[in-house]
Amino acid sequence: DIEVDLPAPVDATPAPETIPVEVVHEDDDLVVVMKPAGLVVHPGHGQRSGTLVNALLGRGIPLAPAAGSERPGIVHRLDRGTSGLLVVAKTDAAHKALAAAFARRDVKKTYAALVWGHPDPAEGTIDRAIGRSRSEPTKMSVTARRARSAVTSYRTAERLPGFALLDVDLVTGRTH
């Protein structure tokens, strides 16, 4: 005889939490928030709580279920270490419309980035396929086997001693 003791399934539905987050705009269909650096957007592997989704639920903001139980309302995301505006859908109709706008690249995303040194040339486009690094799966690599198209344009906004402030446009939305 073989006896198996299975653990109870874990509920993947995010719980409301009291986490401060700045709401920049809210209407019946969507909410725009300023995501601070250090905050993960939605629950996932290794991060079940303490996310932006938990924070919005904690404020009583309804989130569109269309994106799935772990990612309600989420149309796009920003990396943990990145701050910036994030649009979140409150209704399934808004989620569908926003997802289509992002897919068509109707939404322009521009970042301010402080970098070491001075890019040469001062402006340009990086067009290299990118995917998960084989040796370090938490990092991205242009030598990955399963790489996807990634296009990023940059312009030097200001030269500083040893640094440069860049305006960076994510054409495809994938990290370079």
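How many residues does the hairpin use to join β1 to β2? The answer is 3 residues. This is a predicted model, and its secondary structure comes to 2 helices and 9 strands. Those strands include the members of two open sheets, one with the order β1-β2-β3 and another with the order β4-β9-β8-β5. Here's a quick tour, starting with the whole protein and then going piece by piece.

**The whole protein**

- Reading from the N terminus, you meet the elements in the order β-β-α-β-α-β-β-β-β-β-β.
- Put a box around the C-alpha atoms along the principal axes, and it comes out at roughly 65 × 50 × 30 Å.
- The protein has 176 residues, and 32% of them count as buried.
- Take the contacts with a separation of 6 or more: 59% of them come from residues 24 or more positions apart.
- The accessible surface adds up to about 11300 Å², and carbon and sulfur atoms hold 53% of that.
- On the charge side, there are 22 positive and 21 negative side chains. The centres of the two sets sit 8 Å apart.

**The sheet with three strands**

- This open sheet has 3 strands, lined up as β1-β2-β3 with antiparallel pairing.
- β1 and β3 (84-89) are the edge strands, and each has a single partner strand, so one side of each is left without a neighbour in the sheet.
- On average, neighbouring strands here are turned by 25° against each other, direction ignored.
- Zoom in on β1 (residues 22-26) and β2 (residues 30-35), and you find an antiparallel pair held over 4 bridges.
- Two positions help you line this pair up: E22 has M34 of β2 as its bridge partner, while H25 stands opposite V32 in β2.

**The sheet with four strands**

- The other open sheet has 4 strands, and its order is β4-β9-β8-β5, again with antiparallel pairing.
- Its edges are β4 (110-116) and β5 (123-127); each has a single partner strand, so one side of each lacks a neighbour in the sheet.
- From one strand to the next, the twist averages 30°.
- Strands β8 (residues 151-160) and β9 (residues 163-170) run antiparallel, joined by 8 bridges.
- Along that pair, T156 stands opposite L166 in β9, and L160 stands opposite F163 in β9.
- β8 and β9 also form a hairpin, with 2 residues between them. Look in the turn for G162, which has a positive phi of about 80°.
- On to the pairing of β4 with β9: this one is antiparallel too, over 7 bridges.
- L166 turns up again here, as the bridge partner in β9 of A113.

**A histidine in helix α2**

- H95 has its place in helix α2, which covers residues 92-103.
- Is H95 buried or exposed? H95 is buried, because its relative accessible area of 12% is under the 20% cut-off.
- Leaving out residues up to four places away in sequence, H95 touches A64, A66, A67, G73, I74, V75 and A89.

**Backbone oddities in the loops**

- As background, most residues other than glycine have a negative phi, and most peptide bonds are trans.
- R105, in the loop between α2 and β4, has a phi near 65°, a positive value in a residue other than glycine.
- R105 is partly exposed, because its relative accessible area of 49% falls between the 20% and 50% cut-offs.
- For a cis peptide bond, go to the link from D120 to P121, where omega is near 15°.
- P121 lies in the loop between β4 and β5.

**Out in the segment before β1**

- V10 lies in the segment before β1.
- V10 counts as exposed, because its 69% relative accessibility is over the 50% cut-off.
- How far apart in space are V10 and A150, C-alpha to C-alpha? The distance is 35 Å, and the two are 140 residues apart in sequence.

Definitions and conventions
Residues are numbered from 1 along each chain as its sequence is written. This is a predicted model: local features need pLDDT of at least 70, side-chain atom pairs count only at pLDDT 80 or more; totals for chains, interfaces and linings use all residues. Side-chain values use heavy atoms; hydrogens and water are left out. Two strands pair if DSSP finds at least two bridges between them. Buried means under 20% relative accessible area, exposed over 50%, partly exposed in between (1.4 Å probe, protein chains only). Contact means heavy atoms within 4.5 Å. Axes are lines fitted to C-alpha atoms, for helices over the stretch in contact, and angles run from 0 to 180 degrees between N-to-C directions. Accessible areas come from the Shrake-Rupley method with a 1.4 Å probe; for residues, only the protein chains shown count as cover. Lys and Arg count as positive and Asp and Glu as negative; His and the chain ends are not counted. The place of a charge is taken as NZ of Lys, CZ of Arg, CG of Asp or CD of Glu.
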